Amino acid sequence: MSPLRDPLWYKDAVFYELHVKAFFDSNADGVGDFPGLTAKLDYLQWLGINCIWLLPFYPSPFKDDGYDISDYRNIHSGFGTVQDFRTFLDEAHRRDIRVIVDLIVNHTSDQHAWFQEARLSPLSPKRQYYVWSDTDQRYRKARIIFIDTEKSNWTWDPEAKAYYWHRFFSHQPDLNYDNPEVRQAMLDVMSYWLDLGLDGFRCDAVPYLFEREGTNCENLPETHAYLRELRHRIDDRYQGRILLAEANQWPSDVRAYFADGDEFHMAFHFPLMPRMYMAVRSEDRRPITDIFTHTPAIPDPCQWCLFLRNHDELTLEMCTSEERDYMYYAYAADPLMRRNIGIARRLAPLMENDRRKIELMNSLLFTLPGSPIIYYGDEIGMGDNVHLGDRNGVRTPMQWTSDRNAGFSKADPTQVYLPVITDPVFSYQATNVENQVQPPHSLLNWMRRLITIRKQSPLLGRGTIDFLRPRNEKVLVHLREFQGEAMLLVHNLAGSAQPVELDLRRFRGAVPIEQFGLTRFPQISDHPYQLSLSPYGYYWFRLSQLEDPRAQYGIEDTAI
Ligand code: GLC
């Protein structure tokens, strides 16, 4: 039986985030499509990922890359038909790859028929689908999220002759969840896609569903109550499917989205993400260990979702102002790299294309507690383009080959939805899948190995975590344990070689086996366990309790 038949499959899964428009263009119109994505499923299967998170593909004016939906029950015509989507889904499932998609509950596009009707008249049956006001002074405690473009969460609609409420772009009016019809409509949308066979949703912007005067309009009890209704629908009719929360909040507030195990199955760990970058830049493990002291335990069936990069800016909302300044100083010296409260760059450029740092960051991603998400292209070390507007710099076409348009499309290059990366370091001629498939030590093959080892180690998805506190604070050491098995993970966050001494007496007699080379390290005794790490080096040790290591390895034991 495939391990993915397990209802807790998401705890062991490696996720892969992509936009259909960016992956592969099958009909040479310059935009990726579902037949193209289907054609590339063999690649994803070869890579070893278990679940695709598909960014929005619904009809949309695409003023927010599809997060502005104009029709919840269809496919944007440029990406193919509903039949193409079904074929893609079947083909993914045939390869044991699951698919989750974005469910955008908080708002629609202003082009959605609901809004068009709503604005016509106060008597329109759809008027109450949105949040209207005669003044722009209500809910003043709610912050503005897109500070680069928006001055207020209210926008005057000359047609409606009223202000409407929006937490994101002004072309994205918020739905009114006080209206039972809206609540029902979104449940129906959810069922529509689940009936097609989808494996769940990444639920967009969930903290903002309800508004209440005097609050910051985030994480309200009413919002949680409705989200539990969505979950109830899943448990009732669609077992084995999942809900993943996008709630960019502090861990104590995100904790509430797991409720008693009856709200979300998963939630992104937003505050951890920038702290991995801080730790490697400051060569200090404390940003990571500190955030875990503030991370509450979650119910057993729940799981954190970890990421290094995604389609948005690297958000610094969950940072103090000092931390934010530090991150800008460290990773976005050029103001062109900044967007809203964050940094619009990809992993490889953030790591100055240093292979050792890219590996280190991925190693953290794959060993800290949660399920990892890879952002398309990061497995080959794709670059970005800070000159493109909004967050487009990290949304350029996937680089498959060194051919025209990086092998992404046969269209005329001027027709491609965004230019491929051509800068000297990250140019598609050098950085592409084809160049990395054969060489055994390419980043791509290393990522593939990382995924394989992760899949062989259920304790990385399910186990407990304990941080060891060796004196050398440049080294992060954590222990993962599950059902009597243990792994010891050691990361050198510094750009220089580092020694570390560990108290491993609890594992006296065990033999650490390094998982990338299956190399056997000296047996653990009562003495401090000494390791040396190369710059940005890391070890994944399985602590195996061999009965009598000498018997198995003979003379090699003394040769170490
Ligand atoms: C989420 C998405 C982001 C989008 C916003 C508004 O934060 O990740 O891309 O712009 O919601 O829908």
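# Exercises on a predicted model: barrel, helices and sheet

Leaving out neighbours within four places in sequence, Trp53 is in contact (heavy atoms within 4.5 Å) with Tyr16, Glu17, Leu18, Tyr67, Ile100, Asp102, Arg202, Phe268, His311 and Ile373. The model is predicted, so local features need pLDDT of at least 70 and side-chain atom pairs count only at pLDDT 80 or more, while totals for chains, interfaces and linings use all residues. Residues are numbered from 1 along each chain as its sequence is written, and side-chain values use heavy atoms, with hydrogens and water left out.

## Exercise 1. Trp53 and the barrel

Task: state which strand holds Trp53, whether Trp53 is buried or exposed, and which barrel is formed by the strands β1-β2-β3-β7-β8-β9-β10-β13.

Solution.

Step 1. Trp53 is found in strand β2, residues 51–54. Helices (H or I, at least four residues) and strands (E, at least two) are DSSP runs, numbered from the N terminus.

Step 2. The relative accessibility of Trp53 is 1%, so Trp53 counts as buried. Buried means under 20% relative accessible area, exposed over 50%, and partly exposed in between, with a 1.4 Å probe and protein chains only.

Step 3. Strand β2 is part of a closed barrel of eight strands in the order β1-β2-β3-β7-β8-β9-β10-β13, with parallel pairing. The twist averages 25 degrees from one strand to the next. Two strands pair if DSSP finds at least two bridges between them.

Step 4. One pair in this order is β10 (residues 303–307) with β13 (residues 371–375), parallel over three bridges. The bridge partner of Leu306 is Pro372 in β13.

Step 5. Trp53 and Thr315 are 262 residues apart in sequence, and their C-alpha atoms are 19 Å apart in space.

## Exercise 2. Helix α6 and its surroundings

Task: check the length of α6, list its buried residues, and describe how α6 packs on α7.

Solution.

Step 1. Helix α6 covers residues 180–195. The expected span of a helix is 1.5 Å times one less than its number of residues. For the 16 residues of α6 this gives 22 Å, and the end C-alpha atoms are 22 Å apart, which agrees.

Step 2. The buried residues of α6 are Val182, Ala185, Met186, Leu187, Val189, Met190, Ser191, Trp193 and Leu194. Their cover includes α4 (82–94), β3 (98–104), α5 (113–120), β7 (200–204) and α7.

Step 3. Against the strands, α6 lies across β3 and β7 and runs at about 145 degrees to β7. Axes are lines fitted to C-alpha atoms, for helices over the stretch in contact, and angles run from 0 to 180 degrees between N-to-C directions.

Step 4. The axes of α6 and α7 (residues 221–237) come within 11 Å and cross at roughly 35 degrees. The crossing of α6 past α7 is right-handed. A crossing is left-handed if the near helix is turned anticlockwise from the far one by less than a right angle, and right-handed if clockwise.

Step 5. On the α6 side the contact is made by Val182, Arg183, Gln184, Met186, Leu187, Asp188, Met190, Ser191 and Leu194, and on the α7 side by Tyr226, Glu229, Leu230, Arg233, Ile234 and Arg237. By class this contact has eight nonpolar, two polar and five charged residues. Ala, Val, Leu, Ile, Met, Phe, Trp, Tyr, Cys and Pro count as nonpolar, Asp, Glu, Lys and Arg as charged, and the others, Gly among them, as polar.

## Exercise 3. Helix α9 and Lys357

Task: describe how α9 packs on α11, then place Lys357.

Solution.

Step 1. Helix α9 (residues 272–282) and helix α11 (residues 321–331) pack at about 60 degrees, with axes 11 Å apart. The crossing of α9 past α11 is left-handed.

Step 2. Residues of α9 that meet α11 include Pro274, Tyr277, Met278 and Val280. The contact of α9 with α11 has nine nonpolar, one polar and three charged residues.

Step 3. Lys357 lies in helix α13, residues 355–367. The relative accessible area of Lys357 is 11%, so Lys357 is buried. Beyond its neighbours within four places in sequence, Lys357 is in contact with Val280, Met351, Glu352 and Tyr536.

## Exercise 4. The open sheet

Task: give the strand order of the six-stranded open sheet and describe how β14 pairs.

Solution.

Step 1. The order is β14-β15-β16-β21-β18-β19, with antiparallel pairing. The edge strands, each pairing on one side only, are β14 (464–468) and β19 (519–520).

Step 2. β14 pairs with β15 (residues 475–482) in the antiparallel sense over five bridges. A hairpin of six residues joins β14 to β15.

Step 3. Phe467 stands opposite His478 in β15, and Thr464 stands opposite Glu481 in β15.
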